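User: Hello! I am new to this structure and would like to learn how to read it, one feature at a time. Could you guide me?

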Amino acid sequence: MTSDTSVRFEARYSDGQSAEQHDVAVRCAMQGLIVENSDRQPITEWDWGDVKLAESHSADRPIRLQNRSLEGPRLAITDRSILGHLEQLAPHLKRDPVSRAGVRKFTIIGALFLCFALFVIYGLPRLAGPLAESIPMEWEEEIGEGVVKTVTKIFGADDSKCKNPKGVAVLQHLTDRLAATVDTPYRFKVRVAKSKVVNAFATPGGHVVILSGLIEKADTPEEVAGVLAHEMGHVIKRHPTKALIHAYGWSMLITALTGVSGSSGDLASGFALHLVNASYSRGNEAEADDTAVEMLARAKISNAGLVSFFEKFLNEAKAKGKSTGDDSVIKYLASHPALRERIDAIKAKQPSPKGTAINDDDWQAIQDICG
Amino acid sequence: MSEFIENGNITPEPVAQASDDMVNEQPSYAGRLGELFPIVFVNMLLSIVTLGIYRFWGKTKIRRYLWSRVSFQDEPLEYTGTGTELFLGFLIVMVILIPVLLLNSFLQIALQNKPDVFIAVQILYGLAFMYLVYIATYRAQRYRLTRTSWRGIRGGMSGSAITFANKAFLYMLLTIVTLGVMYPKMQVALQKYRTENSVFGDVNLEFDAPFAPLMKSWLFSLVCLLTLYGTMGYFTYEFVEAIEVKPGQAEVLRLVVGFLIALTVIGILAGVAMVWYSAVVIRHFVAATKFEKLSATSTMTVGQLLKVYIPAYLVYGGLVVLFALTTAMTSGGSDAATFLILPIIALAVFGALIPIIIINRFIAAFCANMTIAGAFSAALLLQNQQDKPGYGEGLAEALEVNAL
């Protein structure tokens, strides 16, 4: 059906210069719309290519059109029988003005953000290393001090109680002995916090916290030395700092996607939880184990302690089946997965020296460190 | 006031008369939930799939629908904004904001053992945040006004977001210092600044509201609120006293249930008092707003406002109760997770729908209660010539100032 150019449709027209609305008639020509006043004088012409919907049309309203090259003018065609002609001459009008552009754009932008997300997931860990190394040590230590406070709170532990001078001195001596076997810019600050929980953690800046539950659980000083060496291994390999950078990367991604939702305060505890739940990758744990084994060997301390400590947990869990009562074991296992593989990996290393960590008096001092 | 300026170029047939038409009618709202729900659902799904990016286009779609369903003199409003503009605004703000947020997080962790500095930093951060929210609100309104048109004529907004935020800040201090009594003064001052800077075409709106009548209503609702909170404090005290005597289990149950009922009733009454004051403010502000020779009145009552909010919240409350019951009934069972999934989804979905339900009802009630009357000459209302911002609302989006 070719357009019948003599058919007129009723419409209202505003020219975008003033709010005035004029009663007009619209004719459909091959090249475009012609708008005429009541004396059949043409007011304006719009090419079909320029015509677009001013709003999504629905059955109970006039069809509102605008011209994409002019900002103001609007045409409201009250005679809806023009639709047939429009479909013939301006088929592009069928599609909803908003969704057409939107779908294309958000696909592109969605792809961009996917790239950003992939970067955070895969690229950031690679970047985290050099980034971690460039943070000034003073900053790291300050941040680490803050993390110690936060994580200690999460464990419900009290780090003010375990300050028995003899025990503190023995612990420091043991730390220094282990630290002397490696070349690292970190100055280790080890402390014990009173808690029933069996765990230990390391934070940026060289802070290591051992919870008193772990000391109680240990049978020999070599076990404590093993755990200490393991945590120091995390510090030396900068795992806590890298994890911090990683956590910030995620937080940035989420903020970029969803806007701020008061989440900056949660970042601190979020990162702390990161440490607590030891979502360290197996790679990180294996690295810390390797470093610990090396340090123990060089300090002439048997690594049988580290092994027996882990095995103790495995055996207890097997014996008890589902945990009843003492669930500190299960909690420890939950945060330290793949214990079996790690035990085997440590045992597979060259045989360890037979040396002891500390003598019996000092061991007693450590056990009494919380008074 | 407005001079008779002759239109230039494409002049159609001579206008009937350049004299005023008498106007006395209501804006109409033709929006329906049935048409809004599909838009909101699709927005939700697409936003999830695109990790949230789609929300700018989704918002644009909703606004286009809502604007187009509000009409005056049979001519609908038009929203000419685009999702791209919102997205760009957001990106620009994010570039500045993210480093600031990171800095704040670092400080939060690092200052753990210096509590005084920590608290000072937190207070500063909170104040800065509030200041930014005011700036964001003003700029968001400017964006929306410049993207609203009627009969092709565009809105606009002059004034400065910083001036607005400064005013807001100072008035907020005044309100706090007077323990809330001077709140109406703040409301009037801010609304005046916003309204008198709002432009449609080449005409500024005017705002003329003495705050004394508003103050009377405010004091009344303040007294009500204080009485209610006082009563709540009394009940709490009595409850704690009764519990400390360690009565039997049946007695404890009775006390707890009684206390909860008392709290709920007080909460409802407090809510009604605040909604009552909101209705007063709406009527007062609408009556104070003028557009050249047009004025407006609102007959919005507390009852109608309550009808706007209550149904949605009732249904939501019902779903919460259902969820709680389901949890209680299936706790202990290992199939609890499967039972809970349906109520959780229902809760989440409905929760996401509540804002649009309330907005829909509010616009309907607002239009139904508003009458615009006076003299209006369409030919003399000329197009707005101000520059309009190229992108919009980045700060409002970043700070999550409003949902719509």
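User: Let me begin with a single residue. In which loop of chain A does A:R40 lie?

Analyst: Happy to help! Please keep in mind that this is a predicted model. A:R40 sits in the loop that runs between strand 3 (32-36) and strand 4 (42-47) of chain A.

User: What is there to read in the backbone of A:R40?

Analyst: Start with the general idea. Most residues other than glycine have a negative phi. Now the case here: A:R40 is not a glycine, yet its phi is positive, about 65°.

User: Is A:R40 buried or exposed, and why?

Analyst: Count the C-beta neighbours. A:R40 has 9 of them inside 10 Å, so A:R40 counts as exposed.

User: Where in chain B can I find B:E292, and what is its phi?

Analyst: B:E292 is placed in the loop between strand 9 (289-291) and strand 10 (294-298) of chain B. Its phi is positive as well, about 55°, although B:E292 is not a glycine. The surroundings are another matter: B:E292 is buried because 20 other C-beta atoms lie within 10 Å. There is also a positive phi of about 55° at B:K246, just after helix 7 of chain B.

User: Now the chains as wholes. How many helices and strands does chain A have, and how many does chain B have?

Analyst: Chain A has 13 helices and 10 strands. In chain B there are 11 helices and 11 strands.

User: What share of each chain is buried?

Analyst: For chain A, 41% of the 371 residues are buried. For chain B, 27% of the 404 residues count as buried.

User: And how do I read contacts along the sequence? What percentage joins residues at least 24 apart in chain B?

Analyst: Take contacts between residues at least 6 apart in sequence as the starting set. In chain B, 74% of these join residues at least 24 apart. In chain A, residues 24 or more positions apart account for 65% of the contacts with a separation of 6 or more.

User: How far apart in space are A:H92 and A:T220?

Analyst: Their C-alpha atoms are 81 Å apart, and the two residues are separated by 128 residues in sequence. A:H92 lies in the loop between helix 1 (83-89) and helix 2 (97-134) of chain A. With 12 C-beta neighbours inside 10 Å, A:H92 counts as exposed.

For a pair in chain B, take B:K61 and B:M300: 239 residues apart in sequence and 28 Å apart in space, C-alpha to C-alpha. B:K61 belongs to helix 2 (residues 55-68) of chain B, and B:K61 counts as buried because it has 22 C-beta neighbours inside 10 Å.

User: Let us move on to helices. How do I read two that pack together?

Analyst: Two packed helices are described by the angle between their axes and the distance between the axes. In chain A, helix 4 (residues 165-179) and helix 13 (residues 360-367) pack at an angle of about 115°, their axes 8 Å apart. Helix 4 of chain A passes helix 13 of chain A in a left-handed crossing.

User: Which residues make that contact in chain A?

Analyst: Helix 4 of chain A contributes A:K166, A:G167, A:V170 and A:L171, while helix 13 of chain A brings A:D362, A:A365 and A:I366. By class, this contact of helix 4 with helix 13 of chain A has 4 nonpolar, 1 polar and 2 charged residues.

User: At what angle do helix 6 and helix 7 of chain B cross?

Analyst: The axes of helix 6 (residues 183-196) and helix 7 (residues 212-244) of chain B cross at roughly 140° and come within 9 Å. That angle makes helix 6 of chain B oblique to helix 7 of chain B. The crossing is right-handed. The contact is made by B:Y183, B:P184 and B:V188 of helix 6 of chain B and B:L214, B:M215 and B:W218 of helix 7 of chain B. In this contact of helix 6 with helix 7 of chain B, 6 residues are nonpolar, with no polar and no charged ones.

User: How many residues does helix 7 of chain B have, and what distance does it reach?

Analyst: Helix 7 of chain B has 33 residues and reaches 47 Å from its first C-alpha to its last, close to the 48 Å expected at 1.5 Å a residue.

Definitions and conventions. Residues are numbered from 1 along each chain as its sequence is written. Chains are lettered from A and ligands numbered from 1 in the order in which they are written. This is a predicted model: local features need pLDDT of at least 70, side-chain atom pairs count only at pLDDT 80 or more; totals for chains, interfaces and linings use all residues. Axes are lines fitted to C-alpha atoms, for helices over the stretch in contact, and angles run from 0 to 180 degrees between N-to-C directions. Helices (H or I, at least four residues) and strands (E, at least two) are DSSP runs, numbered from the N terminus. Angles under 35 degrees count as roughly parallel, over 145 as roughly antiparallel, 65 to 115 as roughly perpendicular and the rest as oblique. A crossing is left-handed if the near helix is turned anticlockwise from the far one by less than a right angle, and right-handed if clockwise. Two residues are in contact if their C-beta atoms, placed from the backbone, lie within 7 Å. Ala, Val, Leu, Ile, Met, Phe, Trp, Tyr, Cys and Pro count as nonpolar, Asp, Glu, Lys and Arg as charged, and the others, Gly among them, as polar. The expected span of a helix is 1.5 Å times one less than its number of residues.
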